[in-house]
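I opened my notebook with two things to look up: how the strands at the start of the chain pair, and what surrounds the ligand. Here is the structure I worked from.

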Amino acid sequence: MDVGFLGLGIMGKAMSMNLLKNGFKVTVWNRTLSKCNELVAHGASVGQTPAEVVKKCKITIAILSDPAAALSVVFDKDGVLEEICSSKGYIDMSTVDPETSCKISEAITSKGGHFLEAPVSGSKQPAETGQLVILAAGEKALYEEAVPVFDVLGKKSFFLGQIGNGAKMKLVVNMIMGSMMNAFSEGLVLAERSGLNPHNLLDVLDLGGIANPMFRGKGPAMLQDNYSPAFPLKHQQKDVRLALALGDENAVSMPVAAAANEAFKKARNMGLGDLDFSAVVETVKVLKHSS
Ligand SMILES: NC(=O)C1=CN([C@@H]2O[C@H](COP(=O)(O)OP(=O)(O)OC[C@H]3O[C@@H](n4cnc5c(N)ncnc54)[C@H](OP(=O)(O)O)[C@@H]3O)[C@@H](O)[C@H]2O)C=CC1
Ligand SMILES: O=CC(=O)O
């Protein structure tokens, strides 16, 4: 199957590479076109614009930073809308709000095209190893057509019904993750400042009821101030911000998530936005130093 791929950031690069490795013919595009070179070296073709990719491929996937980027590749000049038609499908795997997804869905389907939102849970490593969790919603027939692609990209895909449900599920999951990361950060700093060995804390956590892959995976690096980006902090803050908006709409009180959002905003303000979201621990250290 010819698959188009828009967006070769941390996630898109790993995901399109996996498709190539598994025998798909892949045509890639990235706003900064030079990032296509590595994929070309592994057999990908390049489209000069999103429209060119859609023209060539039956199914085109996108995974882009945020709502503005997701809208731009669809609606701007040389965008997806210029070539989408009834024989083509478009799958947006970016993490966006349900309103953005609905806007894209309406535009694609009004031109006869087929649309699925399919944000993913899992980070750089699961993307590289094809272990993502795919949260799809929208047109069921396109979902079924895309299952061979999802089987390569992920360990499990969910079809969640109408457009917006995939986005909502992703935002709820990432709101929980962002809050957990903040609690973990406070715990690591508290352990160290109160005279405990934080490595012992990691061992204790890992043996108990709140053991989880995130603490296990990120903890040792955080203790070495290593925030090499797997999931950029600016994207995590975007997700919590969008989840809070969903909370506003539904009158759900979320003080823990609101506090997490403030911490991620502070971290962005400290210039940490391009680092891994675990760099939020630096905000706890700063607060302590200034007291
Ligand atoms: N990293 C992770 O662990 C995970 C990320 N996600 C989500 O996946 C999406 C991508 O994340 P990730 O790969 O980490 O992000 P990156 O920041 O690594 O990549 C972002 C991509 O979006 C492109 N882009 C940004 N703005 C525009 C624009 N205005 N027009 C066109 N392209 C644009 C970038 O192009 P350029 O190269 O030119 O800048 C790049 O290809 C985000 O929505 C994120 O929340 C979901 C699960 C896990
Ligand atoms: O969106 C990030 C993730 O790890 O999932």
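**Strands first, then the ligand**

I began with the fold: strand 1, helix 1 and strand 2 form a β-α-β unit, and its hand is right-handed. A reminder to myself before going on: this is a predicted model.

Next I looked up the pairing of strand 1 (residues 2-6) with strand 2. The two run parallel and are joined by five bridges. I followed one of them and found Leu6 bridged to Trp29 in strand 2.

Then I turned to the pairing of strand 2 with strand 3 (residues 45-46). These also run parallel, with two bridges between them. Here Thr27 sits opposite Ser45 of strand 3.

Is strand 2 largely enclosed or not, I wondered? I counted a residue as buried when 20 or more other C-beta atoms lie within 10 Å of its own. Four of the five residues in strand 2 (residues 25-29) are buried, so the rest of the structure largely encloses this strand.

On to ligand 1. Which residues come nearest to it? There are 27 residues around ligand 1, and Gly9, Arg31, Ala69, Ser123 and Phe231 come nearest. Helix 1 and helix 4 (67-75) are the elements that give two or more residues to this shell. Helix 4 has the largest share, with four residues.

I sorted the shell by class as well: 12 residues are nonpolar, 11 polar and four charged.

Last entry: where does ligand 1 lie with respect to the domains? Both domain 1 (2-161) and domain 2 (168-289) give residues to the shell, so ligand 1 lies between them.

Methods: Residues numbered from 1 in each chain as written. Chains lettered and ligands numbered in written order. Predicted model: local features only at pLDDT ≥ 70, side-chain atom pairs only at ≥ 80, totals over all residues. Buried ≥ 20, exposed ≤ 12 C-beta atoms within 10 Å, placed from the backbone. Pairing = 2+ DSSP bridges. Right-handed = clockwise from strand over helix to strand, strands pointing away. Near = placed C-beta within 6 Å. Nonpolar A, V, L, I, M, F, W, Y, C, P; charged D, E, K, R; others polar. Domains from an automatic or database assignment.
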